[in-house]
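Here is a small set of exercises to work through with the viewer open. Try each task yourself before you read its solution.

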Amino acid sequence: MSYTSKTISETITDYVNRNTFLPAIQREYVWSTYSIEKLFDSIMCGYPISSFLFWKIREERKKDWVAYLFVADFDKKDPHNEEANLSGVNQDIYLVLDGQQRLTSLLIGLKGSYSFFYYRWRKTKLYLNLFKKPTNDDNPEELTYQFQFRENDSINTNDSTPQYWYLVSNILDFNTASAARKDIREKLSNLNVDASLKENAVELIEELHSRLFTEKFINIYEEKSQEYDKVVEIFIRTNTGGVKLEYSDILLSTATAKWKNLNARKEIYSFTDEINAIGNGYSFGKDFVLKGCLYLTDHLPIQYKVGNFTQKNLELIEENWISIQTSISDAVKLINKFGFNDKNLVAKLVLLPIALYLKKLNKTNYVNSTDAADINDQLKIQRWVAIALLKNMFGSSTDNTLKSIQDVILNQTNSKNFPWLEINQKLNINSSFSKEEIDNILKYSYGTKYSYLVLSLFYPNRDWKDCRFSEDHIFPKSEFTEAKLRKRGYSSDKIKLYQTYYNTILNLQLLDETENKEKSAKPFNEWIETRDENFKIRHSIPVIASYDFDSFIEFIDGRRALLSKFLESLTI
């Protein structure tokens, strides 16, 4: 990066909105009038106002990027920046990566206005009270000079606090400090005020002119790279300011700038809220939706980076936006129907292949279908998702995994069945579990991110539609406290053994909400007597002589054998 210094007047007059603009990745102007007043106060005090970061775009590449004008006349009811017309700019241009708020504030204060609502809409401009002597105060929040946004000028010589409100933008009419001094002296000559006030006014005018025309407050670092992703990384690093600037914000700004008929920011925010409201609620982010936009639009690269959100690609995404929304929404609804909630959906990107499959399937009301073939297909999807997540299919090299699955789905000849086998073969994923994997699976604890996934596998014939299921301790967990176990007369070794297994998959089952409430903390030997004859089969309960609490380890050994055998033979 190269470094240059400029005066404020030079920057505002010769650069801003002439060859210096804002990139689409910049967010809108947010400063208050007080923030602007404070900025000008700092300048009058001679304090540095930090550095600025400009991105130099070569003339031949200026049309590659959408540029926006700085706001001069800021209006709170319409704060949006206008797109800049670069056709008449026959030179290299600069896009401001860091310093937008300060430069806009300088432009508003020196050449524009600030409109806001206070009881009524007011259009104000920046003024400086020339009769107010600089205040030396130890409080850093106390302004030294009296800048103020006002609707008009005013001169008050009779009050105990005389005021002469000078329109700050007038200072730009004078190329030299002497001309500015002469002008204010002429204006003050007919005023009946103390000579010290007149002298104060002249001093402030001279000081203001010097700060704007002579001293070089604008220290610019110039980035010359034409690689957009590198520039965006720099932008993110320089604009965090204590509030995380998400990568998706950058992409949204880019999309908003390039969509022709829809407001990308509004559409994507609204859709993200919509899918997060499905079922008991999810926490999908904008980045998930944007990734889905790439994944579900034909022939687009799926890497989540700014360079892939080009004008052409974004136009394709906009054309397919309705289809993208439908596919993602249906995928979330399908997963919700299987009982996958925000807690156990540990890799949300697993939904994108499902969304792509549903998009290709293009079948109306597939999610709520009662057709036997559809239900069977859905159960295979449910089983594949659980296995994929348990095998950490989306743990690393996610883009490569997604691309491989995308190729399989797009190339399948029979699109009426989810191609789980082809996907697993492509990824070299074994559809069955090894003994070591099974041992680890059965150790998962209650309420963890994988426990529901594991339990869902043990109910291959369950109708998940419109039902909510909860993880339940078969032998009530309240009975496994050390105090209660000692009260039963168990040895330390037996207590340790009981506490090793009571909170694992081996002592868990899925019950619907009604049944779970009915069971509550009833002893299992009593509860099992009230169940139908198929309860043991449905919940993989081993047949043992007694289900009283003393038989817990026998129960655990028997259930381990049943669940292990099931997982060993599991096929999608």
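## Exercise 1: A glutamate in a loop

Glutamate 479 sits in the loop that runs between β13 (469-473) and α18 (482-487). The model is a predicted one, so please treat each value below as computed from it.

**Task.** Decide whether glutamate 479 is buried, partly exposed or exposed, and find which residue its side chain joins in a polar contact.

**Solution.**
1. Start with accessibility: the relative accessible area of glutamate 479 is 22%. Buried would require a value under 20%, and exposed a value over 50%. Glutamate 479 is therefore partly exposed.
2. Next, collect its contacts, leaving aside neighbours within four places in sequence: these are Lys484, Leu485, Arg488 and Phe549.
3. Look at arginine 488 in that list. Its side chain and that of glutamate 479 are joined by a polar contact of 3.4 Å.
4. As a distance check, take isoleucine 324, which is 155 residues from glutamate 479 in sequence; their C-alpha atoms are 50 Å apart in space.

## Exercise 2: A lysine and its partner

**Task.** Work out where lysine 77 lies and which side chain makes a polar contact with that of lysine 77.

**Solution.**
1. Locate the residue: lysine 77 belongs to the loop between β5 (73-75) and β6 (93-98).
2. Check its accessibility. The relative accessible area is 54%, so lysine 77 is exposed.
3. Inspect the side chain: lysine 77 and aspartate 75 are linked through their side chains by a polar contact of 3.1 Å.
4. Finally, compare sequence with space. Tryptophan 121 is 44 residues away from lysine 77 along the sequence, and the C-alpha to C-alpha distance is 9.5 Å.

## Exercise 3: Two helices that cross

**Task.** Classify how α1 and α3 are oriented to each other, then describe the residues where they meet.

**Solution.**
1. Take the axes of α1 (residues 8-15) and α3 (residues 100-111): they come within 10 Å and cross at roughly 85 degrees.
2. Angles of 65 to 115 degrees count as roughly perpendicular. α1 is therefore roughly perpendicular to α3.
3. List the contact. From α1 come Ile8, Thr11, Ile12 and Thr13, and from α3 come Leu103, Leu106, Leu107, Leu110 and Lys111. Sorted by class, this contact has six nonpolar, two polar and one charged residues.
4. Add burial: the buried residues of α1 include Ile8, Thr11 and Ile12. Ser9 and Tyr15 in α1 are buried as well.
5. Follow the chain onward. After α1 comes asparagine 17, with a positive phi near 65 degrees. Asparagine 17 is in the loop between α1 and β2 (20-23), and its relative accessibility of 26% makes it partly exposed.

## Exercise 4: A second helix pair

**Task.** Determine the orientation of α11 and α12 and the handedness of their crossing.

**Solution.**
1. The axes of α11 (residues 321-337) and α12 (residues 351-361) come within 8 Å and cross at roughly 120 degrees.
2. This angle makes α11 and α12 oblique to each other, and α11 passes α12 in a right-handed crossing.
3. On the α11 side, the residues that meet α12 include Ser327, Ile328, Ala331 and Ile335; among their counterparts in α12 are Leu351, Ile354, Ala355 and Leu358. By class, the contact of α11 with α12 has nine nonpolar, two polar and two charged residues.
4. Why can residues three or four places apart share a helix face? An α-helix has 3.6 residues a turn, so such residues point the same way.

## Exercise 5: Two buried residues

**Task.** Find what glycine 292 touches and what the side chain of asparagine 276 reaches.

**Solution.**
1. Glycine 292 is in helix α9 (residues 286-295), and with a relative accessible area of 0% it is buried.
2. Not counting residues up to four places away in sequence, glycine 292 touches Ile324, Ile328 and Leu352. The C-alpha atoms of glycine 292 and leucine 352 are separated by 6.3 Å, with their positions 60 residues apart along the chain.
3. Turn to asparagine 276 in helix α8 (residues 264-276): its relative accessibility is 16%, so asparagine 276 counts as buried.
4. The side chain of asparagine 276 reaches the backbone nitrogen of phenylalanine 284 at 2.6 Å. Beyond four places in sequence, asparagine 276 touches Gly281, Tyr282, Ser283 and Phe284.

Definitions and conventions: Residues are numbered from 1 along each chain as its sequence is written. This is a predicted model: local features need pLDDT of at least 70, side-chain atom pairs count only at pLDDT 80 or more; totals for chains, interfaces and linings use all residues. Side-chain values use heavy atoms; hydrogens and water are left out. Axes are lines fitted to C-alpha atoms, for helices over the stretch in contact, and angles run from 0 to 180 degrees between N-to-C directions. Helices (H or I, at least four residues) and strands (E, at least two) are DSSP runs, numbered from the N terminus. Angles under 35 degrees count as roughly parallel, over 145 as roughly antiparallel, 65 to 115 as roughly perpendicular and the rest as oblique. A crossing is left-handed if the near helix is turned anticlockwise from the far one by less than a right angle, and right-handed if clockwise. Contact means heavy atoms within 4.5 Å. Ala, Val, Leu, Ile, Met, Phe, Trp, Tyr, Cys and Pro count as nonpolar, Asp, Glu, Lys and Arg as charged, and the others, Gly among them, as polar. Buried means under 20% relative accessible area, exposed over 50%, partly exposed in between (1.4 Å probe, protein chains only). A polar contact is a pair of N or O atoms within 3.5 Å; within protein, one must be able to donate a hydrogen and the other to accept it, and residues adjacent in sequence count only if both atoms are side-chain atoms.
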